[in-house]
Amino acid sequence: MAPAVPLALLALVALLAPGLGVALPSCDYPAHLWCSSWEIAVACQAESRCANLSRRAAAPVELSLYYESLCPACREFLVQQLFPTWLLLPAEALNITLVPYGNAEERNVSGKWDFQCQHGPEECLGNMIETCLMHEAEDFGTYFPVIFCMESGSSVTKNLEACLQIYAPQLDGGRIAACVQGDTGAALMHRNAQLTDALNPPHNYVPWIVVNGKHTDELQAQAQTSLLQLICRLYQGEKPKACGGSGAPEPLASCRR
């Protein structure tokens with residue numbers, strides 16, 4: 001016969017973790033220690049039972065998206081996963097970096113940078129417009145809705161003015177056009193090329209998603225399946241309201257070299 005479990009211990013477990021009974025796989029601590037620190041409470045998913053603990057400020061999850069403006073899978077990820085997740089989460093939970101270049105190639109012709117893109121000159125123009133938009137706007141909250149608008153429309157390269165009018169009327173479309181046509185745009189695209197070429201491991205498709213400085217097949221698949229769920233799991237601060245759950249659509253495809 002198995003030894004009897006003391007009633008006092010059962011009561012303690014029921015009090016601290018009703019409905020759980022055992023620690024979660026990521027929790028290596030007995031129930032009576034779950035509220036001894038905020039880190040342990042997070043690991044054991046006992047935050048709601050540890051209201052008296054002070055919450056340490058947590059760093060946002062860092063997500064970098066390496067993409068190209070006309071890649072269907074890139075557009076789908078940006079429009080259906082990245083933008084909605086950004087809208088739902090506070091800035092302290094998620095920080096996004098966009099690098100439009102993807103599978104493009106560059107060469108120096110008579111001292112000027114020339115770019116060849118996977119989906120042709122129109123894509124190079126789209127990459128350049130979005131890069132110059134980011135340069136002129138500077139603030140992510142200003143330019144990301146404009147990029148979302150461009151990527152969700154029928155033509156990435158022809159929707160800039162309309163998208164500016166809707167989301168960022170304070171920006172000067174003429175300054176963005178001057179950047180695209182001048183040396184500044186080429187220099188910015190060269191920097192995107194350098195950032196993309198420096199990826200470790202090297203990218204072999206886009207969208208290429210880097211989370212907290214890392215790219216793995218597992219992180220990529222999770223991000224493309226349910227980005228909100230992934231960010232909610234990785235964020236170590238107090239969970240935002242949006243982290244109550246999210247759907248899980250089929251993983252998106254890729255634009256391979």
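Start by selecting strand E1, residues 61-67, in this predicted model. Six of its seven residues are buried, so the strand is largely enclosed by the rest of the structure.

**Stop 1: the strands beside E1**

Keep E1 on screen and add strand E2, residues 94-100. These two strands pair in the parallel sense, over seven bridges. Now add strand E6, residues 208-211. E6 pairs with E1 too, but in the antiparallel sense and over four bridges.

To see both pairings from one place, select Tyr66. Opposite Tyr66 you will find Val99 in E2, and also Trp208 in E6.

**Stop 2: Ser64**

Stay on E1 and pick out Ser64, which is found in this strand. Is Ser64 buried or exposed? Its relative accessible area is 17%, under the 20% cut-off, so Ser64 counts as buried. Now show what surrounds Ser64. Leaving aside neighbours within four places in sequence, Ser64 is in contact with Thr97, Trp208, Ile209 and Val210. One of these, Val210, is the bridge partner of Ser64 in E6.

**Stop 3: the whole sheet**

Show E2, E1 and E6 together. They form an open sheet of three strands in the order E2-E1-E6, with mixed pairing. E2 and E6 stand at the edges with a single partner strand each, so one side of each has no neighbour in the sheet. Turn the view to compare strand directions: neighbouring strands of this sheet are turned by 15° against each other on average, direction ignored.

**Stop 4: helices on the sheet**

Next, add helix H3, residues 72-88. H3 packs on the sheet and touches E1, E2 and E6. The direction of H3 makes about 160° with that of E1. Follow the chain from E1 through H3 to E2, and you trace a right-handed β-α-β unit.

Then select helix H4, residues 121-137. H4 lies across E1 and E2, and runs at about 135° to E2.

**Stop 5: H3 meets H5**

Hide the strands, keep H3 and bring in helix H5, residues 140-152. How do the axes of H3 and H5 cross? They come within 10 Å and cross at roughly 145°, and the crossing is left-handed.

Show the side chains where the two helices meet. On the H3 side, select Arg75, Leu78, Val79, Leu82, Phe83 and Trp86. They meet residues of H5 including Phe140, Phe144, Pro145, Ile147, Phe148 and Met150. Gly141, Glu151 and Ser152 of H5 also take part. Colour this contact by class and you will find 11 nonpolar, two polar and two charged residues.

**Stop 6: Pro84**

Finish with Pro84, which lies in H3. With a relative accessibility of 28%, Pro84 counts as partly exposed. Setting aside its neighbours within four places in sequence, Pro84 is in contact with Leu78 and Val79. Both of these residues also appear in the contact of H3 with H5.

For a last look, select Leu227 together with Pro84. How far apart are these two residues in sequence and in space? They are separated by 143 residues in sequence, while their C-alpha atoms are 9.4 Å apart.

Note on methods:
Residues are numbered from 1 along each chain as its sequence is written. This is a predicted model: local features need pLDDT of at least 70, side-chain atom pairs count only at pLDDT 80 or more; totals for chains, interfaces and linings use all residues. Side-chain values use heavy atoms; hydrogens and water are left out. Buried means under 20% relative accessible area, exposed over 50%, partly exposed in between (1.4 Å probe, protein chains only). Two strands pair if DSSP finds at least two bridges between them. A crossover is right-handed if, with the strands pointing away from the viewer, the path from the first strand over the helix to the second runs clockwise. Contact means heavy atoms within 4.5 Å. Axes are lines fitted to C-alpha atoms, for helices over the stretch in contact, and angles run from 0 to 180 degrees between N-to-C directions. A crossing is left-handed if the near helix is turned anticlockwise from the far one by less than a right angle, and right-handed if clockwise. Ala, Val, Leu, Ile, Met, Phe, Trp, Tyr, Cys and Pro count as nonpolar, Asp, Glu, Lys and Arg as charged, and the others, Gly among them, as polar.
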